[in-house]
Every structure is written in structure tokens, then in C-alpha cells.
Amino acid sequence: MRVDVVGAGPAGLYLAILLRRDDPSHEITVLERNPPDATFGWGVVFSEDTMGALRDADEPTHAEIADTFARWDCIDVHYRGEKLRSRGHSFSAIRRTLLLDILQRRCRELGVELRFGAELTDPAELTGDLVVAADGVNSLLRRTHAAAFGSEVRPQGCTYIWFGTDLVLDAFTFVFVESEHGLFQAHAYPFDESTSTWIVECRPETWRAAGLDTADEAESIAFCERLFADALRGHRLRSNRSQWLTFQRVRNRSWHHGNVVLVGDAAHTAHFSIGSGTKLAMEDSIALAGALRRAPSLRAALVDYELERQPVVERFQQAADTSAAYFERVAGHTSLPPTQFAVNLLTRSGRVGHANLTLRDPAFGRAADARFAALGTAIAPPPAFTPFPLAGTVLANRVVSRSAADGAGLVLTGLVAVCPDGRVSEETPVAAEFTPPAADAPVAVL
């Protein structure tokens, strides 16, 4: 089979490796418009689950990647002059240029043809039995067949810029800084022995108020270094053609059309705040290679690939959507005490809940519950069962239900009129005549 792969990012290169390893008779060509050492961004993050999938898919590649990893298990939250640390979160990261170098060398070792500086202007030039669109968010192949793919591309989240720094962190780090223009936040993490990624984001109105919409690269670096001076501790920010951007959320109804198939960012994106872009891209390649190995025909393989991957990616996109929306409105949470703010941040996407957070770091969970309950002890009830003051009374817990029989602190009722003239119908009860469903349960009259 002849395969044309457009795009030499992690998804395209890894797919070429897997297909050629599975069947050395495959003729695989990877076309990339940029030079081999060109890249955007700094480091990429992998989870333990992803590393297990890479190990099973191609052990030589996995071994070389794993040998270069920066690893850590902590998340730090810098907020209101405090640093709160939560442990038990396993991360691994690698410099993006190093990852691409490893994948390029493995491709050449297996006999994949790599063509850099190959600008594709007309998709009709591609004559492979299978054409793989691994050409990223702005995929030419996807745009050419946008109607068939059911493509939807829209901006999402805050305005952001992607820096590096010579500050070597030992945790995934969130930093929140109030300025005269509004709230700024940084997402930062280490990826080798000398450098960390440092992403700065803010709401568009804050970005404009600070004059960053007209700032050049040097001015943006200088502004952000001043803003995050305390967290940077005298270290500098570095640029890699860094510019202020708006994240593009990509979604496609279908991932294949004829002999063209989408992988990675060409098929889907997940907001950077959950750190899953490269992970999802390489897992796409594993799934597509597996489908081509098993299926009786190319068409069947593309259908199987889509059926396997779409539900997985949709779950990640939902979590990423929730995370991006959180950072858009995070300024509304800055009245929270530091511990409550940190828990809210760590559970923002729904992938980590209260129980899971406590399981990962029992000491952090107990301390957070105790502070939330305002108790002077390390043992406290979970937040849902902490008393809640409301309108002059104290609810026994924070559970809301329509039945008083289940012990809910707040019971919701149907419509109740405040006076006879305010009734919706003759059957609508009036507040003075209304009897709560249980004598010991506060009632919300809605």
C-alpha cells in the first residue's frame, strides 16, 4: 500500500513508524512544509496511560522517549501570596524538538521517506492509496473537504502566549496574578533539566487593556517577566516565535472521506489547559495503524478507526471545554480562600473529583476539607455534608433534593404564591397556607 502522510508532527511521524513496522512493503512518504528542526511551543506532556500505549505500539520509540523524560507528581497553585501543593499527579514531559528528532530518526531507520520543505498546494497531487491529513489545526486537506468532514473550527478560551523559561520547576505550576488591567494566569511545567514551559493567558479585554494587542515580542516578554517576577524568581522568559493567540477548537463530524483520513489536530483539538494534544494525536496513530492491520479493507479500517477514537476524543474535548470555560471565568473565583480556590482549580474539568483528589493526596484532601468546614481539626466531613448558612438559617448539608425523606439539606418545592392574588392557578398554594413536607427540613420556595 502507498501512503501519503501530510504533516511531520508527532501524529504523522508516529503513524508512519507503525505502518512501516507492521508491513515493510508499505511505501510511506511524509511531506512537511517546514524544515526538520522547526517547531512551535516548547515541551509536551504525557500521562502514564499514554506511555503504556506507546510501549505496546513500538518499544524502541518508547524506550528512547522515556529515557529523556522529566517526571514529577506535584501540582503547585500560586494564589494570593500562598503556594499550595497537591501530590499524587503523575506527569512526564519531553522537549518537543527532541520528540520530533526521535520520531524522525526512527522513521529513517524503518525506511520511511521524509520530505521537508515540501509545500502542498493542491491535494490532487497526492496519489497514495491512503492519504493521511496530519497537517494540524489549519489542515489544507481538511479545509479542502470541509463539507464532507462536517468541520467546525471556532475560537475558544482566553488569549494566550507560549513561552519557555530557564526556571526549572519541580511541579506543574499555576500562577494567578492580579494586575491593574485584570487577572493573568500562567500554566507552567518542566520538560528537561534546564527549561520549563510557561504559558500566559488572560481574557481578551484584559489583554487589550494592558496594551498587549499592540505589543511586539520583546514588549510582551518584558511585560510578562514583570508581572510574574515573584514566581519566576529572577529567571527569564524565552521566546520561540511566541505570539498572542486564541485557541482554535476543531471538531469534525466524520474523520474520513474517500481515501483521506484525519489524525491529530487536523481531526480534533483539546484546549491546552488539560495538556492532552500530543497524547491524543499519537493515540490516533496507534488506533489507525491497528485498524489497518485488522480490517479486511481500507474502507472498513477507516470506519473502525473512527468508531474507536471518536468517543474517546469527545470525552476529552468535553473535559477540555469545561477547563477552558473555567479559566475564562476564573476571575469570579478570586474571592475564595486559597485552599478552596486550589481545590476548585484542580477539579475544574471533572476528570479529577473530590474523592479522587483525596485518594491522590490524603493529607491535602483532609486539610482542604477541614479548612472548608472551618474546623480546627484534620478530620472533617466532605464538602457536600458541611453545614451551609442560608438566609438566616443553617442547612445541615449542601445536598439539594425534591424529597425531604432522603436527608437533603435543602428541599425544592413546586410553585408557591406569596399572596392569593399571585397564584398561577386556583390550585397554587399560598405561602401562608403552605406546610413544609417535613418539620426539620428548610424549604426553598421557588
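**Figure 1. Pairing of S8 with S12 in the predicted model.** Thr 165 of S8 has Leu 237 as its bridge partner in S12. The model shown here and in the other views is predicted. S12 covers residues 237-238, and two bridges join S12 to S8. The two strands run antiparallel.

**Figure 2. Pairing of S8 with S13 and S11.** S8 is joined to S13, residues 245-252, by eight bridges, and the strands run antiparallel. Within this pair, Gln 156 has Phe 247 of S13 as its bridge partner. S11, residues 196-202, also pairs with S8 in the antiparallel sense, over seven bridges. Here Phe 163 stands opposite Trp 198 of S11.

**Figure 3. Surroundings of Thr 159 in strand S8.** Thr 159 lies in S8, which spans residues 151-165. Is Thr 159 buried or exposed? Thr 159 has a relative accessible area of 5% and is therefore buried, the cut-off being under 20%. Leaving aside residues up to four places away in sequence, Thr 159 touches Val 200, Glu 201 and Cys 202, together with Pro 204 and Trp 207. Trp 244, Leu 245 and Thr 246 are also touched by Thr 159, under the same exclusion of residues up to four places away in sequence.

**Figure 4. The six-stranded open sheet.** The strand order is S6-S2-S1-S7-S15-S14, and the pairing is mixed. Which strands stand at the edges of the sheet? S6 and S14 (256-257) do, each with a single partner strand, so one side of each is left without a neighbour in the sheet.

**Figure 5. Strand S2 and its partners S1 and S6.** S2 covers residues 27-32, and five of its six residues are buried, so the strand is largely enclosed by the rest of the structure. The chain reaches S2 from S1 by way of helix H1, residues 10-22, in a right-handed β-α-β crossover. S1, residues 2-6, runs parallel to S2 and is joined to S2 by five bridges. Val 3 has Ile 28 of S2 as its bridge partner, and Val 5 has Val 30 of S2. S6, residues 113-116, also runs parallel to S2, with four bridges between them. Val 30 stands opposite Leu 114 of S6, and Val 30 is also the bridge partner of Val 5.

**Figure 6. Packing of helices H1 and H10.** The axes of H1 and H10, the latter covering residues 277-294, are 8 Å apart and make an angle of about 25°. That angle makes H1 roughly parallel to H10, because angles under 35 degrees count as such. The crossing of the two helices is right-handed. From H1, the contact is made by Pro 10, Ala 11, Tyr 14, Leu 15, Leu 18, Leu 19, Arg 21 and Asp 22. From H10, the contributing residues are Thr 278, Ala 281, Met 282, Ser 285, Ile 286, Leu 288, Ala 289, Leu 292 and Arg 293. An α-helix has 3.6 residues a turn, so residues three or four places apart point the same way.

**Figure 7. Buried residues of helix H2.** H2 spans residues 48-57, and its buried residues are Thr 50, Met 51, Gly 52, Leu 54 and Ala 57. Which elements cover them? The cover includes helices H1, H3 (59-67) and H10, as well as strand S3 (43-46).

**Figure 8. Contacts of Arg 96 in helix H4.** Arg 96 is found in H4, residues 96-110. Arg 96 and Val 44 are 52 residues apart along the chain, and their C-alpha atoms are separated by 5.9 Å. Not counting residues up to four places away in sequence, Arg 96 touches Thr 39, Phe 40, Trp 42, Gly 43 and Val 44, and also Pro 10 and Thr 278. Pro 10 and Thr 278 also take part in the contact between H1 and H10.

**Figure 9. The whole protein, for orientation.** The secondary structure comes to 14 helices and 20 strands. Taken along the principal axes, the C-alpha atoms fill a box of roughly 80 × 55 × 45 Å. The protein has 446 residues, of which 50% count as buried. Among contacts between residues at least 6 apart in sequence, 67% join residues at least 24 apart.

Notes
Residues numbered from 1 in each chain as written. Predicted model: local features only at pLDDT ≥ 70, side-chain atom pairs only at ≥ 80, totals over all residues. Heavy atoms only, no water. Buried < 20%, exposed > 50% of the residue type's maximum accessible area, 1.4 Å probe, protein only. Pairing = 2+ DSSP bridges. Right-handed = clockwise from strand over helix to strand, strands pointing away. Axes fitted to C-alpha atoms, helices over the stretch in contact; angles between N-to-C directions. Parallel < 35°, antiparallel > 145°, perpendicular 65-115°, else oblique. Left-handed = near helix turned anticlockwise from the far one by under 90°. Contact = heavy atoms within 4.5 Å.
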